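Let's take a look at how this protein is held together on the inside. Have the viewer open and follow along.

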Amino acid sequence: MKIQTKKTNEALWRDMYAHTKLPEQLAPLHEIAMNLWWVWNHEATDLFEQIDTGLWDKTEGNPVLLLQKLTHKRMGEIMGNQELMGKINRVYSQFKTYMQVQPDQARPSVAYFSMEYGLTNVLKTYSGGLGILAGDYLKEASDSNIDLVAVGFLYRYGYFTQSLSMDGQQIANYEAQDFSQLPLTQLLTPTGEPMILEVPYPERIVYACVWKVSVGRIPLYLMDVDLPENSEWDRFITHQLYGGDWENRMKQEYMLGIGGILLLNQLGIKKQVYHCNEGHAALINVQRLTDYIQNEHLDFNEALEIVRASSLYTVHTPVPAGHDYFDESLFGKYMSGFAEKLGINWSDFIDMGRENPGSHEKFSMSTFALNTCQEANGVSWLHGRVSRQMFAPLWKGYFPEELHVGYVTNGVHMPTWTAIEWKTYYAGKFDPNFLNDQSNKTIWEAIQLAPDTEIWEIRKLLKVKLIDYIKLEYRDNWLKNQGDPLKVVSLLEKINPNALLIGFGRRFATYKRAHLLFTDLNRLSQIVNNDKNPVQFVFTGKAHPADGGGQGLIKHIVEISRRPEFLGKILFLENYDMRLARRLIAGVDVWLNTPTRPLEASGTSGEKAEMNGVLNFSVLDGWWYEGYKPGAGWALTDKKTYENQEYQDQLDAATIYHILEDEIIPLYFAKNSKGYSPEWIQYIKNSISQIAPDYTMKRMLDDYIDRFYHKLAARSVSLTENNHALAKEIVEWKKEVEAHWDSFVVDSFHYDDSAGHMVVDEDCVFEVVIDRKNLKSKLGIDFVCTKEHPDNHTVEFLSATPFSLVKEEGDKLYFELKMRTSEFGHLKVGFRVYPVHEQLPHRMDFPYMRWIQPE
């Protein structure tokens, strides 16, 4: 028999997902699970845990996956349980009532852009503080009924999962997310096909599908380019958060900025304010400029006025090295085509990202953001000051103290980060309107009347829950890494609920100085091995995979924790994520933070601790610089004693030991017959009533609205009315000033004899006449007073006092200043002239100025 030729082709496979279909009676569970409202409403999380406690634990608190894995038998049991069905209906009713509230039209609408969002451990779209803050922001925007839309990325792998090798070396594991098991929905066209966003990259189109995450009432749109239509090279754009080389970072920021605005355009979404959460999103303003020029036929300068007036840039980085800079060749590879679209030449375009236009500096996303956003802010009072110093070179002739860069101190979303026990307690003790009026310290003062025993019982319970969680979650990991089972058993037994428990959890960057506690191991050993007053430390945190110093620090701490004298007394918990963070910031007694001054822009983990009666012990930096109150926590000074950082570290370490030994430990163990320290409880009460109200996300959002959003929305409207009449007027005025700025001359400059040798608290008079010649603009004059420090020759800005315009005759302007000084000693003074237009938001918007001097 002849063997027949086998005719077959390659097997064709496609992905299919099988999961349980919920009966109609249980359909509300799916609707709740698909909205992250459940994350910060414990009635909902309690409900899902009751649905199947084992599955809830196995899915790591993922209600979507839990419902997909429910057995038909369990569904039948649920539907036959009248009490549980009643709870489902009650929670669903609460959810529907919440969702029916309409946005507050009295507050501006906002489009918010961020590289990361920390909303829940279920969604791996965050790495650390920046993302957690953005996630909290969306939650509070929902609670406060803000008309806000957010844009970001859906990462296939997200940030890494951390594990430790046998020798304590960090291992970064990138685990793919299964989007079908997550609380998000893919946007579809009217015909049911996936909606595809086409983003023009040089010589190609990069395609993105779009996913929607419902954060309560707030839509978060996430772009995903991991599609077969894209090259492997481009698919990596949304593989990892902060992964890859500088070119991949450029492609990511291009997609976030250019693609983010194209996405909102495709969805028909327009907002009053556009908020860049860090410089990563700065390129949104390139696409917005392009849209105004192409669609509304404005020229570049007119479009820039409109875009600036509605844009806010928030900086989270306190040092220039922390900002993103791109070589001109790399930046030009992706952005060169936009110069033509904007109607300007390439040098003018790239100069918008340079501190010194015309130089060969790299393109700075932060500089570009400052040049295209009317408003900018740091994330604490101290960071606002640091940011003004950092950005001062952009506006030469002005001192940092004069800049428009403001601040809003970060806060935390209280319903997310406050333990259920505290939320329940606050609900019983505080005003019923508490959640809508979280910044009202009068409400929080009710905690001072709470019985000490009740405070202590909550604190004990949360510590036990943390310890139980550690023993349950980390036992297997420790068995794997320690090698000796008996050592692990001994370690678990030594975790003592009666010890003073001190926590340290954050990104392991070297400036965080996690090593300070280990400067003197003999002294540390004496602290943790005091049987009468036992103390234990819990460390956790990830180091960036490219940060060898941070990874080495983790390894060093792990090695110390395994020494006999520290076993069970110093713990390192791997894979710091939102689940662990919620347990840790509520379960320890003291939250330790030791950053290098002034490199902590804000920090929020300590604020989360505040909500849970955990006391802070930190350097006076970031939020703690303004938050610290005596009798409510402990602080290391903000002052540097030594310029040599090694010496400063040694001094700070000695101070930490001293405060622990002489203040914190004795206070905690000054226990009465009831087993607690009344003085410690008073510290907790002071901390909750005096500090916590100032650091909620509700306060932070209100600050953004009051300090920036209202101002931006109002000015944006005024510039766009009547076919952009005011914007065009300002552009013409700026052109006229630019063309004739060198025309004006000082006609006369008189001052009385006392002005050369000013006498404290006595008047002196200056008179200046300026002939504008061809310049039509009004002008102003400042008397600028500074003082030089003889030791380091730094110049301290004292004041800038404006002259009064007393008369105008033709082209001549007559100015006068009567002033007195209260400063003693050698002063340096100067006089500067600047153009005046009443519709400018601030001087930095058009920073023309010229120094003049008496003849």
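What follows is a walk through the nonpolar cores and then some of the salt bridges.

## The largest core

Keep in mind that this is a predicted model. Its largest nonpolar core has 112 residues, and the members that touch the most others are F331, M335 and F349. Helix α9, residues 246-267, supplies the largest share of this core, with nine residues.

M335 is a good place to zoom in. Leaving out residues up to four places away in sequence, M335 touches M250, Y254, I258, L283, V286, W346 and F349. As a general point, nonpolar side chains tend to be buried together in soluble globular proteins.

## A second core

There's also a separate core, this one with 94 residues. Among its members are F434, V535, I557 and W591.

## Salt bridges: a pair within one helix

On to the charged side chains, which can pair when opposite charges come close. The structure has 49 salt bridges, and three of them get a visit here.

Start with R235 and E232, whose side chains meet with an N to O distance of 3.5 Å. Both sit in helix α8 (residues 232-235), three residues apart, so about one helical turn separates them. How accessible are the two partners, R235 and E232? R235 is buried, at a relative accessible area of 18%, because the cut-off for buried is under 20%. E232 counts as exposed, with 59% relative accessibility.

## Salt bridges: pairs across the sequence

Next up is R354 with E328, where the closest N and O atoms are 2.9 Å apart. R354 is in the loop between α13 (346-351) and β12 (363-364), while E328 belongs to helix α12 (residues 328-342), so this pair ties together parts that lie 26 residues apart in sequence. R354 is buried, at 6% relative accessibility, whereas E328 is partly exposed, at 33%.

What about D782 and R832? Their side chains form a salt bridge too, at 3.1 Å from N to O. Here the partners come from two strands, D782 from β23 (residues 778-788) and R832 from β27 (residues 827-836), so the bridge links parts 50 residues apart in sequence. Both D782 and R832 are buried.

## A small network

Which residues are joined into one network by salt bridges that share partners? They are R156, D226, E232 and R235. That brings back the helix α8 pair, R235 and E232, now linked up with R156 and D226.

Definitions and conventions
Residues are numbered from 1 along each chain as its sequence is written. This is a predicted model: local features need pLDDT of at least 70, side-chain atom pairs count only at pLDDT 80 or more; totals for chains, interfaces and linings use all residues. Side-chain values use heavy atoms; hydrogens and water are left out. A nonpolar core is a set of buried Ala, Val, Leu, Ile, Met, Phe, Trp, Tyr and Cys residues joined through side-chain atoms within 4.5 Å. Buried means under 20% relative accessible area, exposed over 50%, partly exposed in between (1.4 Å probe, protein chains only). Helices (H or I, at least four residues) and strands (E, at least two) are DSSP runs, numbered from the N terminus. Contact means heavy atoms within 4.5 Å. A salt bridge is a side-chain nitrogen of Lys or Arg within 4 Å of a carboxyl oxygen of Asp or Glu.
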